[in-house]
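Trainee: Please pick one position in this model and look at it closely. Then work outward from there to the elements around it and to the rest of the chain.

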Amino acid sequence: MFIQVKGLYDEKLIRPVQLISNLFFEETVLTDEEKEMVMTFSINESKAAVSLAADGNRFESSRNIEELPEEEKERRKVLKNAVSHVVLDVLTQFTGIKQNWGVLTGIRPTKLMHKHHQENTDKIKTRDYLKETYMISDEKITLMERIVERQLAMVPDLYNLRREVSIYIGIPFCPTKCAYCTFPAFAIQGKQGRVSSFLSGLHYEMEKIGDWLKHNDMKITTVYYGGGTPTSITAQEMDDLYEHMYNVFPDVKNIREITVEAGRPDTITPDKLDVLNKWKIDRISINPQSYTQETLHAIGRHHTVEETIDKFHLARSMGMNNINMDLIIGLPGEGTDEFQHTLDETEKLMPESLTVHTLSFKRASEMTQNRDKYKVADRNEAEKMMEMAENWTGKHGYVPYYLYRQKNIVGNLENVGYAIPGQESIYNIMIMEEMQTIIGIGCGAASKFIDPETGKIEQFANPKDPKSYNERFVEYTDKKIEKLNKLFSIEYTTR
């Protein structure tokens, strides 16, 4: 969609116009060249207004600005919000599409709710603020309230964990790479030399970070093995890795939660489950994504539906009592009928937690680069599938406990984690609400350093491909320790 923009002379206000327009159209190009759709802006210190001319019709919207702050950053924030409001309004008039998340385009909406909760803001005032400032619907505000309530029930000291850390350990290998995936994930077949080199570097990182944690009496809240698929490596390599964790990390027995993603059922074997049991790791993910075989083939998952079911039963029979499963709304060729089938099959298994993702067209994924090959559900059908998920989880005793949003997500929806009460993933809460530093270890692992006093966030990522990681893991480990020293005001050097 090409939109001619007039009267908007501040380049920094172009961005919110682009973001809001993208909520309505698959791809928006803003230009000053003459086009059939024209947005004309009028902005001063007391009002932001826009007129949209399209298809022979004219739509108008304005928003009063009570007072522009003197501080430049806050001033721009108010102007950005006003521009976003009027653009959302005229495009809603033109398209008839209601955006339940309003002008909010951020990834973590529940952080807004937590901020007000920490300030002891009245619940009604919080709702009014979210509706007025961001135009979020009552339905989504209620969802946010429910999630914050569950998070605080599961982690009552959530606001007091900034002087602890969580650890993310990235294993960048999978049997094959899914079409929608942009995570560090490299096909493992024939790469054993590279795997061995990577694991050597990973052990080094764990040792040095563990040494720093012990030296500074720093507690670990959670550990999460992600990827890739951490169960792609051999049972012996897994055993060595977890033994190393117990040896180099402080007080592992008192870590609140250790999760290993076993997302690809074609990587799960009895000997690997034995290893998980040996090291008392009982929270795993087994991710069907869909229970339609044609869909699995289309997205590059080379396992069968039956294998997902069989491996779930195997894990359950071998003592795995906290299993998460991921489902994806909007996969190629799937609509409400296919999603109902997936829910019906999930009902036969009843995992402890269920994460319902909405398909996102990530820039670097094979699916995005070849989008014409993949027919996906439209906005209305995606919304119906999300409603089906909400109803199904509610009926079966699951509660929502975390959510996040992504760019280019089908239907401008969200990803929601549901769990049987008491089985919520603490790591998922920590990573989404950004309440503490998360140290990323391994290939492609991103660290998120959160200042324990101000809450300011700094991100730092390891190399994404195994070759670069193998060449530079020492350098990146030293840099992380330098950042940790500065963050926690600690005088310490690597040894």
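## One loop position, then outward

Mentor: Glu27 sits in the loop that links helix H1 (14-24) to strand E2 (29-31). Keep in mind throughout that the model is predicted. The relative accessibility of Glu27 is 59%, and the cut-off for exposed is over 50%, so Glu27 counts as exposed. Leaving aside residues up to four places away in sequence, Glu27 touches Met1 and Asn22. As a distance marker, take Gly102: 75 residues separate it from Glu27 in sequence, and the two C-alpha atoms are 18 Å apart in space.

The loop of Glu27 ends at E2, and E2 belongs to an open sheet of 5 strands with mixed pairing, in the order E2-E1-E3-E4-E5. Which strands stand at the edges of that sheet? They are E2 and strand E5 (57-64), and because each has a single partner strand, one side of each lacks a neighbour in the sheet. From one strand to the next, the twist averages 20 degrees.

Inside this sheet, strand E3 (residues 38-43) and strand E4 (residues 47-54) run antiparallel and are joined by 6 bridges. One point to find on the model is Ile43, which stands opposite Ala48 in E4. Helix H2 (residues 72-95) lies across E3, E4 and E5, and its direction is at about 150 degrees to E5.

Now further along the chain. Strand E6 (residues 165-171) pairs with strand E16 (residues 437-442) in the parallel sense, over 6 bridges. In this pair, Val165 stands opposite Thr437 in E16. Is E16 enclosed or open? It is largely enclosed by the rest of the structure, because 6 of its 6 residues are buried.

A residue that touches E16 is worth comparing with the starting position. Lys480 is placed in helix H15 (residues 466-487). Its relative accessibility is 0%, so Lys480 counts as buried, whereas Glu27 counts as exposed at 59%. Among the residues that Lys480 touches, sequence neighbours up to four places away not counted, are Ile439 and Gly440, along with Glu205, Ser447, Phe449, Phe460 and Asn462.

Next, some backbone details in loops. Just before E16 comes a loop from helix H14 (426-433), and Glu434 lies in it. Glu434 is not a glycine, yet its phi is positive, about 55 degrees. With 10% relative accessibility, Glu434 counts as buried. Asn412, in the loop between strand E14 (399-404) and strand E15 (415-419), is another non-glycine residue with a positive phi, here about 50 degrees. Asn412 counts as buried, with a relative accessibility of 10%. A cis peptide bond joins Gly227 to Gly228, with omega about 15 degrees. Gly228 is in the loop that runs between strand E9 (220-227) and helix H7.

H7 leads to the first helix pair. Helix H7 (residues 235-248) packs with helix H8 (residues 270-278) at an angle of about 10 degrees, and their axes are 9 Å apart. An angle under 35 degrees counts as roughly parallel, so H7 is roughly parallel to H8. On the H7 side, the contact uses Ala235, Met238, Asp239 and Tyr242, which meet Asp271, Lys272, Val275, Leu276 and Lys278 in H8. By class, the residues of this contact are 5 nonpolar, no polar and 4 charged.

The second pair is helix H11 (residues 336-347) with helix H13 (residues 379-395), which pack at an angle of about 20 degrees with axes 10 Å apart. That angle makes H11 roughly parallel to H13. The crossing of H11 and H13 is right-handed. From H11, the residues in the contact are Thr336, Phe339, Gln340, Leu343, Thr346 and Glu347; from H13, they are Glu381, Lys384, Met385, Met388, Ala389 and Trp392. These divide into 6 nonpolar, 3 polar and 3 charged residues.

To return to the starting point: Glu27 is an exposed residue in the loop between H1 and E2, and E2 is an edge strand of the open sheet.

Notes:
Residues numbered from 1 in each chain as written. Predicted model: local features only at pLDDT ≥ 70, side-chain atom pairs only at ≥ 80, totals over all residues. Heavy atoms only, no water. Axes fitted to C-alpha atoms, helices over the stretch in contact; angles between N-to-C directions. Helix = DSSP H or I, 4+ residues; strand = E, 2+ residues; numbered from the N terminus. Parallel < 35°, antiparallel > 145°, perpendicular 65-115°, else oblique. Left-handed = near helix turned anticlockwise from the far one by under 90°. Contact = heavy atoms within 4.5 Å. Nonpolar A, V, L, I, M, F, W, Y, C, P; charged D, E, K, R; others polar. Buried < 20%, exposed > 50% of the residue type's maximum accessible area, 1.4 Å probe, protein only. Pairing = 2+ DSSP bridges.
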